[in-house]
Amino acid sequence: MSLKVQITDDMKAAMRAKEVVKLGTIRLITAAMKQKEVDERVELNDTMILAIIEKMIKQRKDSISQFEAGARQDLADIEKAELAILVAYMPASLSEAEVQVEVAAAVAESGAAGPQDMGKVMAILKPKLAGRADMTAVSGLVKAALTKA
């Protein structure tokens, strides 16, 4: 089942169960999906949908840290509830050891010799790890691996 169909089915189930927070979050996802489809005139595939959800997750994490810094725990709790729903749509995350293996394989595949080749390595890793690993952390691992090389 495609992610788009799963999200639609979950929205219907949330309506029936009167789960207000889940319904609101899923509506935010569908609105972002429709916006992207209209703006770019494309039919979204699962990879594109995961990118949208990943962006929404990052926004929620930033909001949570800002709300907690501003002593607004009530708003932070709302964002945390939305974050939990968004994370449920992401594929299982890779462990740090699995990411290290992927980084080493990409460095070998690209023939990277130093930090100047970081773009080549990231170009190989991004499609493989999108949605399954924090790309900021992956970038740091690639930089460390290329500095050693």
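**Helix packing and backbone geometry in a predicted model**

The face of helix H5 turned away from its buried side carries the exposed residues Ala97, Val101, Ala108 and Glu109, where buried means under 20% relative accessible area, exposed over 50% and partly exposed in between, with a 1.4 Å probe and protein chains only. The model is predicted, and local features therefore need pLDDT of at least 70 and side-chain atom pairs pLDDT 80 or more, whereas totals for chains, interfaces and linings use all residues. Residues are numbered from 1 along each chain as its sequence is written, and side-chain values use heavy atoms, with hydrogens and water left out.

Helix H5 comprises residues 96–110, helices being DSSP runs (H or I) of at least four residues, numbered from the N terminus. Its 15 residues reach 21 Å from the first C-alpha to the last, close to the expected 21 Å at 1.5 Å a residue, the expected span being 1.5 Å times one less than the number of residues. Val99, Val103, Ala106 and Val107 of H5 are buried. Seen down the axis of H5, these buried residues fall within an arc of 100° and so line one face of the helix, the arc being that of the directions from the helix axis to the C-beta atoms. The buried residues of H5 pack against helix H6 (118–129) and helix H7 (135–148), with contact defined as heavy atoms within 4.5 Å. Just after H5, Gly111 takes a positive phi of about 70°.

Towards the N terminus, the axes of helix H1 (residues 3–17) and helix H2 (residues 20–40) come within 9 Å and cross at roughly 145°; these axes are lines fitted to C-alpha atoms over the stretch in contact, and angles run from 0 to 180 degrees between N-to-C directions. Residues of H1 including Ile7, Met11 and Ala14 meet a set in H2 that includes Leu23, Ile26 and Met33.

Glu82, located in helix H4 (residues 73–87), is buried, with a relative accessible area of 14%. Apart from its neighbours within four places in sequence, Glu82 is in contact with Thr25, Leu28 and Arg60.

Most residues other than glycine have a negative phi. Arg41, which is not a glycine, nevertheless has a positive phi of about 50°; Arg41 is found in the loop between H2 and helix H3 (46–69) and counts as exposed at 77% relative accessibility. Ala71, in the loop between H3 and H4, likewise has a positive phi, near 60°, and is exposed, with a relative accessible area of 68%.

Technical notes. Helix = DSSP H or I, 4+ residues; strand = E, 2+ residues; numbered from the N terminus.
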